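This note sets out comments on the structure shown below. Please read the points alongside the sequence and the coordinates.

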Amino acid sequence: TFLSRLFLTTGLVVYVFLAGAQISPGKLSKAHSSLEGINQCTKCHELGAKVSDQKCLSCHEPLKVRIQQKKGYHASKEVTGKSCVTCHSEHHGVNF
């Protein structure tokens, strides 16, 4: 019937939308736009896990050095022990 086809079609649209959000929950900021795309995910994410601080610091090498030298804000007691994504999250759009 028409109603059952409408229900099925609506369900499929919602499923496709939600599945796409699982692949990429949103655009990256302008600063990280070079990492956009499905084949780039593992540059920041471990498979089956969230963003890896080690991967953040492998790209942000000068910051890593300052932290190792215990210099600057990112080496302070206020920040030490926190994950990078606590303050620096992505997938909120180009202008975030």
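The numbered points that follow cover the fold, the surface, the pocket, the cysteines and several individual residues.

1. Nature of the model and its elements. The model is predicted rather than determined by experiment. The protein chain contains three helices and zero strands. Read from the N terminus, the order of the elements is α-α-α. The helices are α1 (2-23), α2 (53-59) and α3 (61-68).

2. Burial and surface. Of the 96 residues in the protein chain, 9% are buried. The accessible surface of the chain amounts to about 7,900 Å². Carbon and sulfur atoms account for 65% of that accessible surface.

3. Contacts along the chain. Among the contacts in the protein chain with a separation of 6 or more, 45% link residues that are 24 or more positions apart. Points 8 and 9 give two residue pairs that are distant in sequence, with their C-alpha separations.

4. The largest pocket. What is the volume of the largest pocket? The value is about 1,300 Å³. The lining of this pocket comprises 49 residues. Those nearest the centre of the pocket are V51, C56, C84, V85 and H88.

5. Origin and character of the lining. Which helices each supply at least two residues of the lining of the largest pocket? They are α1, α2 and α3. The largest share, five residues, comes from α2. Sorted by class, the lining has 23 nonpolar, 18 polar and eight charged residues.

6. Cysteine pairing at C84. The structure holds zero disulfides. A disulfide is a covalent bond between the sulfur atoms of two cysteines. Why does C84 not form one with its closest cysteine, C56? The sulfur of C84 lies 4.1 Å from that of C56, which is too far for a bond, because a disulfide requires the two sulfur atoms to be within 2.5 Å. Both C56 and C84 are listed among the residues nearest the centre of the largest pocket. With a relative accessible area of 21%, C84 is partly exposed, since the buried class ends at 20%.

7. Cysteine pairing at C87. For C87, the closest cysteine sulfur is in C84, at a distance of 9.0 Å, again too far for a bond. Is C87 buried or exposed? Its relative accessibility is 54%, so C87 counts as exposed; the exposed class is that over 50%.

8. K82 and D53. K82 is located in the segment after α3. The residue is partly exposed, its relative accessible area being 44%. K82 and D53 are 29 residues apart along the chain, and their C-alpha atoms are separated by 9.5 Å. D53 is the residue at which α2 (53-59) begins.

9. S33 and V94. Where is S33 found? S33 belongs to the loop between α1 and α2. At a relative accessible area of 41%, S33 is partly exposed. The C-alpha atoms of S33 and V94 are separated by 7.5 Å, although the two residues are 61 residues apart along the chain.

10. Backbone angle at K70. K70 is not a glycine, yet has a positive phi of about 60°. This residue lies in the segment after α3. Its relative accessibility is 71%, so K70 counts as exposed.

11. Backbone angle at H91. A positive phi is also found at H91, with a value near 65°, and this residue too is other than glycine. H91 is located in the segment after α3. The relative accessibility of H91 is 23%, and the residue therefore counts as partly exposed.

Methods. Residues numbered from 1 in each chain as written. Predicted model: local features only at pLDDT ≥ 70, side-chain atom pairs only at ≥ 80, totals over all residues. Heavy atoms only, no water. 1 Å grid on protein atoms, 1.4 Å probe; cavity = no way out; pocket = protein on both sides within 12 Å on 5 of 7 lines; lining within 4 Å. Points joined across faces, edges and corners; volume = space filled by probe spheres on them. Helix = DSSP H or I, 4+ residues; strand = E, 2+ residues; numbered from the N terminus. Nonpolar A, V, L, I, M, F, W, Y, C, P; charged D, E, K, R; others polar. Buried < 20%, exposed > 50% of the residue type's maximum accessible area, 1.4 Å probe, protein only. Contact = heavy atoms within 4.5 Å. Areas by Shrake-Rupley, 256 points an atom, 1.4 Å probe, with all protein chains shown as cover.
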